[in-house]
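Work through the exercises below with the model open. Each task comes with a stepwise solution.

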Amino acid sequence: MRIEPPRHLAPPKGSAPVSNEISEALGRRLRAGTQGEVLFDAASRGRYATDASIYQITPVGILVPRTAEDIVAAIQIAGELGVPVLPRGGGTSQCGQTTGAALVIDNTKHFRGLLHVDVAARTAVVEPGIVLDHLNAALKPHGLWYPVDVSTSAQATLGGMAGNNSCGSRSIAYGNMVHNVLGASAWMADGELVDFGPVAQATGRAVRLAGFVRDLAATHAAEIDERWPKVLRRVAGYNLDIFRNQNERPYTDDGSVNLAHLLIGSEGTLAYTRSLTLKLSELPRAKVLGVVNFPTFHAAMDAAQHIVKLGPTAVELVDRTMIELSLQNPAFRPTIETALIGRPAAILLVEFSGADKGALLPKLKALDELIGDLGLPGAVVRMAEDGPQKNLWEVRKAGLNIMMSLKGDGKPVSFIEDCAVPLEHLAEYTDGLTEVFARHGSRGTWYAHASVGTLHVRPILDMRVDGAQKMRAIAEEAGALVRRYKGAFSGEHGDGICRGEWIEWQFGPAINTAFRAIKQAFDPGDLFNPGKIIDPPRMDDGALFRFAPPESPRPYRRIPITPALDWSAWDVQADPVTEVTTAPGTGGDVTGGFAKAVEMCNNNGHCRKFDAGTMCPSYRVTRDEQHLTRGRANTLRLAVSGQLGPDAFTGEAMRETMDLCVGCKGCKRDCPTGVDMARMKIEFLSHYKARNGHSLRDRLVAHLPDYARLASRLPWLANLRDRWPGAARMSERWLGLSARRTLPKWRSDTFWRADLPFSTGEELLRHAAAGGKAAVLFVDTFNGSFETENALAAVRVLKAAGYALHAVTKDDGHHCCGRTFLATGMVAQAKAKAGALIEALLPFAQAGIPVVGLEPSCLLTLRDETLVMGLGEPARTVAGVALLFEEFIAREMDAGHFALDLRPAGRPILLHGHCHQKAFGAVAPILQVLRLIPEAQPELIESSCCGMAGSFGYEAGHYEVSMQMAEATLLPAVRKHPDAIVVADGTSCRHQIHDGAQREALHVARLLDSLLIRVCR
Ligand SMILES: Cc1cc2nc3c(=O)[nH]c(=O)nc-3n(C[C@H](O)[C@H](O)[C@H](O)COP(=O)(O)OP(=O)(O)OC[C@H]3O[C@@H](n4cnc5c(N)ncnc54)[C@H](O)[C@@H]3O)c2cc1C
Ligand code: SF4
Ligand code: SF4
């Protein structure tokens, strides 16, 4: 079977650039006629040129509207100038829906209101830019939720979900978007606001439109009956079948027709949604989970059709590859093991939910019996408790993330990942597709929605090489299977560019013509998102690819860069079948792997989330795409591939984009593909500063460890800035240090001047060799110079616990990890500092003696950046023994070497984790250690970055943003507990808490020291 792709001589619709005159006129008129942010610079346009698909089309410009009037004005101005309009939510579409040579209007900053909730009627009215998780958080107190639970719930907007007719994991119980929208208010291309809702109550223009579509449906009744996929998960084309329902589930409860449903899944091509009226559901009060273990993948697929008859709310697949990946991960292994019986080829997670857990337990029994009847007795793990269920769902999500983090140019590509087939054919379909992949030298990892026959699978393709050809070939063969089993080619992610050409294939020419007529009736001037659904481009048009092949008009290429850090781990290629990667440095990247690391961002938009976790503090306060991990990664990618002009990598637009990145490493941990922007910022700064020079402030910050000894000899002089009237303002003018900040106080009684009961290096090595308890204390510049009491407290606690201690020093001062140099892009100097420290620590590390540090950003530099500075095996050896104070104690406690006898604190304890502690999973040990305090129930503040981030918060230009970051959750939490002891291990966190809440926060070492009674050895 071969489908004839559309041929275009001119650029396909929606991708043709407009002239400079038109673009300038548009920008000018938007600035004059709206109050919104008008972004027409190359970097901003580049940031909005991609979504979570493989495509890239540069928009004409971006408007971030402040008012509804801004949107109306923009629609009118764009219409008059003939520039298309593309409404956008989180930009997480997988098929290119939100890419286009248009005026992109971003609803996410100012149109995110929950306008109204009617608890009794279970309805809500929302603005299009509201994010699903935020909506559900607001509904929770009412015992309600919006149940279209897409995986991207932390970043997907209701406007975008409606645009794509999105579907959640529990669609078998609740249906898709189209089943859960009751009404929409939307602007037409001429600016008229029209209310779409039940046809019986329609007025004005809606009546005419409803009549037109009803007639079309009647005309094409036979074709609709014949061609329309009869599955729940069909999201392609327009919902013409609202007048002749073909869906497994009725679109409305009473069988009436709702014209708003025509907008659902229309991908912004018919009208611009201003608000949506949603049907809410009761929040399930109880859930139970049955995990069915299957000996073969085929058996799992075959069982799904029988399992759904038990009425589950979800049936989700995890295949062997994902099971193996989870087992390899120490964090997930214990959880996945609770779900496994032996080594199954696949598991199905079968969830039942309802009002009462007791009433659900028989469902698990019934599941057990059913699976037994299918020839697999004892194959179900029953999980009735909430905790294990939640953990297992987390593993299911994380497995996907691990898959997405595959390094190399070949990537798992989404283009047939949501075909939906009737359940009775699921096993044959998946077998068939597996054979297709094998024929094309690829392989798929399967996961997700077995309940509705929509399994996600992504073959690994390199779009720069032969990805386009393979994509078409695989799509055609997959299409043949879908047709054979009477399924839907697009069952979840919509059409966009990737599947637009398949609409006619799926529905036939007559219905396709009817779709065109609908578009014509709604949007005769083709203003809204042209080239989507109607007149789509070829799915394999390389000119539209983000990584365009050599033969395309703008082939993707990387500009050679000599990186300051070692990125060779990313400079690899991966085998598309085995996923085994080649050796570091063999991937052929002329940037040494830096570009490939940047390209790991697949635009899934997870960094837009606001809930727990750290990523991304600058976005949380600005809500700007520019100040988002994704925005930064996209800008870097465009810069290092020459798409923003020569030297863009070290240009001003790049600097502005990196400016608010606080280097918190939140993305290193929270980004599904491990985009490590903190490290990328160091790389960027080293190049930017090499070209543009370092400021006096840079030098002051970077060299602080160098002049610390001198400054501490003359503390009265060094502290003049905060004592001398007017000096702070002068420092703001000359150095850019905020006059609203005090600086850390220099003191003469530094840690290094204290007389301490330390062993010499030789003594420590001998002591350890004889089996004695030993540690090397690495005291950083901050705890050693400004907060000596922390370091002294750590010494007392460790000495009292019976450890022999040693601290490495050098003749001209103390050792430093190089952190302050890294923060200012001075990588060579940082390497010299860190190299000297590592050399000093090496003999102890080689003897297996732990190196214990107090300041998270300094100690963890030894486990992170020093490994990519070219310091070789010694750096790895030291990294292997480097532990934070609390990590060390927790480890020793677990080994039975350490116990503390403490008196109760007598007050509640609040903990703020330093971002780098969170990034390295080092918060749990602090809690473990704090729980040693009798009666203590330490509470972790769910905070992102404190906003200080080294010198960031001291800088005048960053003061406001810094305080906003702190005010997001940290400071309100501290103020809410006026009697609590606040524990914060980061120097800058403590400073921020002091400045913002006027409270003294303590390093955990000081708290322990203050409560110490005696130590049990
Ligand atoms: C990792 C990953 C997992 C995913 N999981 C799921 C899943 O479980 N289920 C699922 O269904 N999808 C899933 N998706 C796809 C995508 O996240 C969803 O389609 C999501 O609902 C899109 O929301 P958004 O806010 O990002 O919309 P966008 O991508 O910004 O927009 C989507 C469409 O809606 C249109 N639109 C936006 N606002 C308006 C408006 N005001 N008026 C008119 N049209 C508008 C846009 O023009 C566009 O055509 C996933 C994507 C990724 C990357
Ligand atoms: S930076 Fe990470 S989380 Fe953000 S869009 Fe890119 S891949 Fe997703
Ligand atoms: S390091 Fe922090 S601030 Fe920078 S992009 Fe990552 S999460 Fe955002």
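**Exercise 1.** Find the volume of the second largest cavity, then describe its lining.

*Solution.* Step 1: the volume is about 80 Å³. A cavity is a set of points, on a 1 Å grid over the protein atoms alone, where a 1.4 Å probe fits but cannot get out; lining residues have an atom within 4 Å of a point. Grid points are joined across faces, edges and corners, and the volume is the space filled by probe spheres set on the points.

Step 2: 16 residues line the second largest cavity, and Cys616, Pro617, Arg632, Cys661 and Cys664 lie nearest its centre.

Step 3: α20 (617–622), α21, α23 (666–670) and α24 each give two or more residues to this lining. Helices are DSSP runs (H or I, at least four residues), numbered from the N terminus.

Step 4: the lining holds ten nonpolar, four polar and two charged residues. Ala, Val, Leu, Ile, Met, Phe, Trp, Tyr, Cys and Pro count as nonpolar, Asp, Glu, Lys and Arg as charged, and the others, Gly among them, as polar.

**Exercise 2.** Which residues come nearest to ligand 3?

*Solution.* Step 1: the space taken by ligand 3 is the second largest cavity.

Step 2: 13 residues surround ligand 3 (a heavy atom within 4 Å). Cys616, Arg632, Cys661, Cys664 and Cys667 come nearest.

Step 3: α21 (629–640) and α24 (677–692) each supply at least two of the shell residues.

**Notes.** This is a predicted model: local features need pLDDT of at least 70, side-chain atom pairs count only at pLDDT 80 or more, and totals for chains, interfaces and linings use all residues. Residues are numbered from 1 along each chain as its sequence is written, chains are lettered from A and ligands numbered from 1 in the order in which they are written, and side-chain values use heavy atoms, with hydrogens and water left out.

Definitions and conventions
On a 1 Å grid over the protein atoms alone, a cavity is a set of points where a 1.4 Å probe fits but cannot get out, and a pocket is an open set with protein on both sides within 12 Å along at least five of seven lines; lining residues have an atom within 4 Å of a point. A molecule sits in a cavity or pocket if more than half of its atoms lie within 2 Å of its grid points.
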